[in-house]
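Got the model open in your viewer? Keep the selection panel handy, and we'll go stop by stop.

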Amino acid sequence: MTQHRSTPTLPRSLWSVGVAAVLIAALLGTCIGAVWISPMHVLDIVMTHIAGIHLASSATSTEDTIIWQLRLPRVVLALFVGSILATSGCAYQGTFRNPLADPYLLGVSAGASLGATSAIVFSNSTVHWLLPLASFTGAMMAVGLTYSLGRSALVGRSATSLILAGVAVASLLTAIQTLVQQRNSDKIREVYGWILGRLSTSGWSDVQLVAPYIIVCTAILWQHRRVLDVFSVGDEEALSMGLPVNRARAAIIIAASLGTAAAVSVTGLIGFVGIIVPHTIRLFTGNSYRRLMPLTIAFGGVFLVFADIISRTVLAPQEIPIGVVTALLGAPFFLFVLGSSRNGEIS
Amino acid sequence: MTTLAVNSLNVKVNERHIVRDVSLSISTGEWLCIIGPNGAGKSTFLRALAGVLPSTGGFTIDGNDVRDLHVRDRACWIAYVAQDPVMPAGMKVFDYVMLGRTAHLRLLASESQLDLDMTDLVLQELGLLAFANRDVSTLSGGERQRVTIARALAQASPIILLDEPTTALDIGYQQEVLELIDRLRQEQKIAVISTMHDLTVSGLFPDRLMLMASGEVVTQGNAHEVLTQDNIGKHYGARVRIISDERGPIVVPHRENPTNS
């Protein structure tokens, strides 16, 4: 009888599923590699570094280096990046009521990419700290351009027109990026490797660089989960119900774009995570963002860790760029979502 | 008692002047129905009152300018049900009705126990408790209309705007929904402004009618004053007969000398 009397929240059991999935993915991601390292050794090494506790196992110092310097930072980076890409996609989908919305769609990724490419090409040495900064600038410029174009009378003022504007902006920025690369062919290899998307292996510094941005942006988007549900009835009705539509949308877009830019600045272009993860979870939780978002945050990270395991192991010792792996998985998925949204099922 | 007053309101959409110099005043407990041919500006006028379209001219509630209010405060005064409301696939009736509580929540807050109770009360009031867990996109026309009205009630605003609340409904559901609106406005002292296409029905329930044509108010008054052969002939371009009935005028289409082949 009182079954329905609650706010739409995620049941405890599903919270634990999310947490368990993250832990399992993290463990597998650190165990699997060129050399298999047993989970007990991994746990021992992690406990030693974090809490100073030695467990009764015999992890070697080589293993220690592999785990602590190489694999774990990479897994943690994958968790952060996957999480923010999926959450941003989920937030864009909610605020634009468009199932195909993704950091790509608004030109955010292209803008971040152009920003970073310019930084690589125009700076003499690889100035590492400049990269995220240039990415942020590019992403915010792109989203600003998309937003003002989408709201101008030029293309109308609906959510759909905003997305069309995003596609136009993305094409323009990609063209400019190609031009920049062509003019600087000596550095093209470096940029090329970056564009395909890679999870950096420069130890903990990348994690430290992006984690604060990603945590803050995720927290902001998390705070807007009820608002995203209100958006689902469309701008006009949401406004008549008392939602300051423009302000709320701006906050969501800025947080999602900033988070995306942070991710892009260290990993390059990793696409489709924002489409694959939220839509898979929708199948289980329904469309309420209050149920969707906690699992998207968890499984976005889990998904990217597994994509990274695939990229490292399938052609070992060679590595497939992770952006290629997600694109191979994501393109068919994109068509699937496109097909079901044509039937009017996803909104 | 709350009084909404509109004085010489104008609405322009893309430079087109859709609503011209409309004035009206309505207090809680009253029901004003706007009628008029297609394209008369009825829906545009309601949307302007709901605050989703910009307008110029006087627009006050109890003497306070509505345009000075924050969107949330305005929504606490005025609720709006669109002609064809979006029913998000996968959303439960309870969650949908609770969206009406948005006006009473700070932007980033979650619903409190009060909001849950209010939603529950409204569902109970409208006999929708059994529907609480249904997906809103699977409801029939009549259920859907009750659910959207429930959402507007959960908003707890003294003024409710209903755009064509009965258009998609068969005659049985039409009466059910209209009786419901009538009961609510009397019991809960709500001011209702609605638009309607069925002229006979519009003479039965609302206590005042306002006839709009080409964006302007042509005439207003009670049903007998507004629903005349003359008015309907002139503004709808329709041939009708008016049958006088003590409950209200009955408007029936009329055909003169059908040509037999």
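Select Tyr236(B) to begin: this residue is partly exposed, because 18 other C-beta atoms lie within 10 Å (20 or more would make it buried, 12 or fewer exposed, and anything in between is partly exposed, with C-beta atoms placed from the backbone). Tyr236(B) sits in helix H9 of chain B, residues 229-236. Helices here are DSSP runs of H or I with at least four residues, strands are runs of E with at least two, and both are numbered from the N terminus. Now add Asp73(B) to the selection: 163 residues separate it from Tyr236(B) along the chain, and their C-alpha atoms are 38 Å apart.

Before moving on, some housekeeping. This is a predicted model, so local features need pLDDT of at least 70 and side-chain atom pairs count only at pLDDT 80 or more, while totals for chains, interfaces and linings use all residues. Residues are numbered from 1 along each chain as its sequence is written, and chains are lettered from A and ligands numbered from 1 in the order in which they are written.

**All of chain B**

Zoom out to chain B, which has 9 helices and 12 strands. Its radius of gyration is 19 Å, close to the 18 Å from the globule rule for 261 residues, so the chain is as compact as a globular protein of that length. (The radius is taken over C-alpha atoms, and the rule is 2.2 Å times the number of residues to the power 0.38.) Along the principal axes, the C-alpha atoms fill a box of roughly 65 × 40 × 35 Å. Of the 261 residues, 43% are buried. Look at contacts between residues at least 6 apart in sequence, and 67% of them join residues at least 24 apart; a contact means C-beta atoms, placed from the backbone, within 7 Å.

**The sheets of chain B**

Next, colour strands E2, E1, E4 and E5 of chain B: in that order they make an open, antiparallel sheet of 4 strands. Two strands count as paired if DSSP finds at least two bridges between them. E2(B) (16-27) and E5(B) (64-65) are the edges, each with a single partner strand, so one side of each has no neighbour in the sheet. Zoom in on E1(B), residues 3-13, which pairs with E2(B) in the antiparallel sense over 8 bridges. Lys12(B) has His17(B) in E2(B) as its bridge partner.

The other open sheet to pick out has 6 strands in the order E6-E7-E8-E3-E9-E10 (chain B), with mixed pairing. Here E6(B) (78-81) and E10(B) (216-221) take the edges; each has a single partner strand, so one side of each is left without a neighbour in the sheet. Neighbouring strands of this sheet are turned by 20° against each other on average, direction ignored. For a parallel pair, select E7(B) (159-162) and E8(B) (191-195), joined over 4 bridges. Ile159(B) stands opposite Ala191(B) in E8(B).

**A hairpin in chain B**

Which side chains of E11(B) are buried? Show residues 240-243: Val240(B) and Ile242(B) point to one face and are buried, whereas Arg241(B) and Ile243(B) point to the other and are not. E11(B) pairs with E12(B) (250-253) in the antiparallel sense over 4 bridges, and Ile243(B) has Ile250(B) as its bridge partner. Between the two strands of this hairpin are 6 residues, and Gly248(B) takes a positive phi near 150°.

**Across to chain A**

Time to show both chains: 28 residues of chain A are in contact with 31 residues of chain B. On the chain A side, helices H9 (225-231) and H10 (235-240) each supply at least two residues, and H10(A) gives the most, with 4 residues.

Now hide chain B and select helices H8 (205-223) and H11 (245-267) of chain A, which pack at about 160° with their axes 9 Å apart. (Axes are lines fitted to C-alpha atoms, for helices over the stretch in contact, and angles run from 0 to 180 degrees between N-to-C directions.) H8(A) is therefore roughly antiparallel to H11(A), the label for angles over 145 degrees; under 35 is roughly parallel, 65 to 115 roughly perpendicular and the rest oblique. Show side chains for the contact, including Tyr213(A) and Cys217(A) of H8(A) and Ala255(A) and Gly259(A) of H11(A).

Last stop: helices H4 (108-122) and H5 (130-151) of chain A pack at about 140°, with their axes 6 Å apart. That angle makes H4(A) oblique to H5(A). Among the residues that meet are Gly111(A) and Gly115(A) in H4(A) and Ala134(A) and Gly138(A) in H5(A).

Conventions: Contact = placed C-beta atoms within 7 Å.
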